[in-house]
Amino acid sequence: MEFKDVIYGRRSVREYSDKKIDDDVIKEILDAAMWAPSGVNIQPWYYVVIKSKEGLEKITELMEEVAIKNKSHLEERFSKYPDVIKNTLNFIAKLGNAPTVILVFRDKKDYSYALPDDGVVQSISASVENLILSAYDHGISSCWMTAPHQANMGEVFREKFAENHGKLVCMLTLGYAKNTKVAKAPKRKENKYEII
């Protein structure tokens, strides 16, 4: 696949087939994430891959609570679109039946000795971008999620999945898309750059 096909073809997917992702493929995708650039080369990311039945049950239980806590926010934001509210809450709670969920944490609680906080988040975000693009290149769909933050539950996820690490940054669902029809890309906003 050409790189431009990866960039323009990737979509956020919210419904997955039952097909599992091979461990070797997961490792290749994670390796791509490790090769992201980072400020002062601190590589501040830590990934927790959840694919066992027990782990997925544990994360789904938490996500059901996340959905409840996000309901009022979604009802306010999408008041004219009840189907969007319903579908979004269902995805948050059930994660689209994704066979793999990845939690992304800061590796350490404090990087102030090397880099300001926004630089840490930028570095981790670059790593996540590498991961989802590599996944797509392997035929695997994903969705980058921040719902636990909107529910103020990031600390709960850290305590349950990465107690000795820093804050939760985001989570990802990974799997083979249930619907193979490619969704239409959302329109790109204009006037988002200038060349001087």
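Let's start at one rung of the sheet: Met145 has Met171 in E4 as its bridge partner. The model you are looking at is a predicted one, and this pair is a handy place to enter it. Strands E3 and E4 run antiparallel and are joined by five bridges. Strand E3 covers residues 141-145, and four of its five residues are buried.

From E4 we can step across to E2. These two strands also run antiparallel, this time with six bridges between them. If you would like a landmark, find Thr100, whose bridge partner in E4 is Leu174. On to E1, then: this strand, residues 45-50, pairs with E2 in the antiparallel sense over six bridges. Here Val49 stands opposite Ile102 in E2.

E2 deserves a pause. In a regular strand, side chains alternate between the two faces of the sheet. You can follow that pattern in E2: Thr100, Ile102, Val104 and Arg106 point one way, while Val101, Leu103 and Phe105 point the other way. Both sets are buried, and the count for the strand is seven of seven residues.

Arg106 brings us to the charged pairs. This arginine is in strand E2 and has a relative accessibility of 8%, so it counts as buried, the cut-off being under 20%. Its salt-bridge partner is Asp117, with the closest N and O atoms 2.3 Å apart. Asp117 belongs to helix H5, residues 117-137, and the two partners are 11 residues apart in the chain. Unlike buried Arg106, Asp117 is partly exposed, at 46% relative accessible area.

The structure holds eight salt bridges, and two others are worth visiting. One joins the side chains of Lys94 and Glu64, at 3.0 Å from N to O. Lys94 lies in helix H4 (residues 82-94) and Glu64 in helix H3 (residues 53-77), so this pair ties together parts that are 30 residues apart in sequence. Lys94 is partly exposed at 39% relative accessibility, and Glu64 is partly exposed as well, at 33%.

The other is formed by Glu15 and Lys178, whose closest N and O atoms are 3.7 Å apart. This bridge links distant parts of the chain, 163 residues apart: Glu15 is in the loop between helix H1 (3-9) and helix H2 (23-34), and Lys178 is in the segment after strand E4 (168-175). Glu15 is partly exposed, with a relative accessible area of 45%. Lys178 has 55% relative accessibility and therefore counts as exposed, since the cut-off is over 50%.

Now back to helix H3, the home of Glu64. At 1.5 Å a residue, its 25 residues should span 36 Å, and the 34 Å between its end C-alpha atoms agrees with that. The helix has a kink of about 45 degrees, centred on Asn70. Asn70 is also among the buried residues of H3, a list that includes Leu56, Ile59, Leu62, Met63, Val66 and Leu74. An α-helix has 3.6 residues a turn, so residues three or four places apart point the same way. Keep that in mind as you turn the helix on your screen.

Ala67 is another residue of helix H3, and at 6% relative accessible area it is buried. Its C-alpha is 7.8 Å from that of Ala147, although the two alanines are 80 residues apart in sequence.

Let's finish with some features of the surface and loops. Phe3, Ile7 and Tyr8 make a nonpolar surface patch of about 380 Å². Of these residues, Ile7 is found in helix H1 and is partly exposed, with a relative accessible area of 38%.

Lastly, look at two asparagines with unusual backbone angles. Most residues other than glycine have a negative phi. Asn152, however, has a positive phi of about 55 degrees. It sits in the loop between helix H6 (147-150) and helix H7 (154-161), and at 70% relative accessibility it is exposed. Asn191 likewise has a positive phi, near 60 degrees. This asparagine is in the segment after E4 and counts as exposed, at 77% relative accessibility.

Methods
Residues are numbered from 1 along each chain as its sequence is written. Side-chain values use heavy atoms; hydrogens and water are left out. A salt bridge is a side-chain nitrogen of Lys or Arg within 4 Å of a carboxyl oxygen of Asp or Glu. Buried means under 20% relative accessible area, exposed over 50%, partly exposed in between (1.4 Å probe, protein chains only). Two strands pair if DSSP finds at least two bridges between them. Patches are made of residues with over 30% relative accessible area and no salt bridge: like charges are joined within 9 Å, nonpolar side chains (Val, Leu, Ile, Met, Phe, Trp, Tyr) within 5 Å. Accessible areas come from the Shrake-Rupley method with a 1.4 Å probe; for residues, only the protein chains shown count as cover. The expected span of a helix is 1.5 Å times one less than its number of residues. The bend at a residue is the angle between axes fitted to the seven residues ending there and the seven starting there.
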